[in-house]
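I sat down with this one to look up two things: how the nonpolar core is put together, and where the salt bridges lie. Here are my notes, friend, with the structure to follow along.

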Amino acid sequence: MEQRTYFISADLEGAADVTAWCETEKGGDGYEEARLQMSREAAAACEAVLAAGYQVVVRDGHESARNILHGLLPRGAKLMRGWACHPGSMMAGISEKYAGALYVGYHSPAGTDGSPLAHTMDRNEIRWVKINGKLASEFTLNSMYAAQMGVPSVFISGDETICRLAGEEVPQIQTVAVKECRGNSTFNLHPEEACDKIRAGVAEALKRQAPVRELPAEFVLEVSLVRHQTLRAALANPGISQIDTDTVRYTARSPRELNTVLSYIMA
């Protein structure tokens, strides 16, 4: 019998202690400490998967996709680094073979006040993203992409707001909030405690038989853009229409198509 494998999509902005944009950018003040905690939290999730007797693949999903220190992950954990030039983006590499998807270090979406680092996809170009009239986070997009592959989303860690929103979208998901945010400040668990809670949360999530997220028949994408130049360029793509001075719309038939159109808009 083939051993079950789990897919971890890891981001940085939702890791414990990460508070300012400079900490999220290579060479920025605090970046090395932030990538270290991102690596530790991903490692904690991996440890729980491996301890349960399963295999695990981690997809580095932040900025350059070359942030996680592989040597801090436990032996047996595979790491996907660099962008795959694929519409899956932060989920590139996932397929029907995976038993479940986990999300570590995730953050609040653009259009909310849940984090000083709230954004969806591109903070410089996008004010907010909506799908079928509701604000969408990177978790929204990525869990839908996993569901298209028949993969259930079983666990998420990050700031309190994204954990709450993820629980509303996928009620069966196990959540671990490692920080709460107020304005430009964050209230964080101790880094080691955050890892302990992630390890325990993943272990609990793996005991459940989570269903695959239900998907709508169509995906009406609305994106509010910061720059009029980006909007003008987006309109060159078939099917994208302008609905007000800074917002475009597209109706997709699948999460893959949705992600592809988003990549066109941000190009």
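My entries below go from the core to the salt bridges, and I keep in mind that this is a predicted model.

**Core.** I looked up the largest nonpolar core first and found 38 residues in it. I8, V58, I68, L73, F155, I198 and V202 have the most contacts inside this core. Next I checked which elements give it two or more residues: β1, α1, β2, β3, β4, β7, β8 and α4. Of these, α1 (31-51) gives the most, with 10 residues.

**I8.** I then picked I8 and set aside its neighbours within four places in sequence. That left contacts with A42, A45, C46, V56, V57, V58, R59, L102 and V104.

**Salt bridges.** My count came to 12. I opened R127 and D246, where the closest N and O atoms are 2.8 Å apart. This pair links distant parts of the chain, 119 residues apart: R127 is in strand β5, and D246 is in the loop between β11 and β12. R127 counts as partly exposed at 38% relative accessibility, and D246 does too at 22%.

**Helix α4.** What separates D196 and R199 in helix α4? They are 3 residues apart, so about one helical turn lies between them. Their salt bridge has its closest N and O atoms at 2.9 Å. D196 is partly exposed at 45%, as is R199 at 28%.

**K207 and E204.** I noted 3.6 Å between the closest N and O atoms of this salt bridge. K207 is exposed at 67%, whereas E204 is partly exposed at 32%. Elsewhere, salt bridges with shared partners join E47, D196 and R199 into one network.

Note on methods:
Residues are numbered from 1 along each chain as its sequence is written. This is a predicted model: local features need pLDDT of at least 70, side-chain atom pairs count only at pLDDT 80 or more; totals for chains, interfaces and linings use all residues. Side-chain values use heavy atoms; hydrogens and water are left out. A nonpolar core is a set of buried Ala, Val, Leu, Ile, Met, Phe, Trp, Tyr and Cys residues joined through side-chain atoms within 4.5 Å. Buried means under 20% relative accessible area, exposed over 50%, partly exposed in between (1.4 Å probe, protein chains only). Helices (H or I, at least four residues) and strands (E, at least two) are DSSP runs, numbered from the N terminus. Contact means heavy atoms within 4.5 Å. A salt bridge is a side-chain nitrogen of Lys or Arg within 4 Å of a carboxyl oxygen of Asp or Glu.
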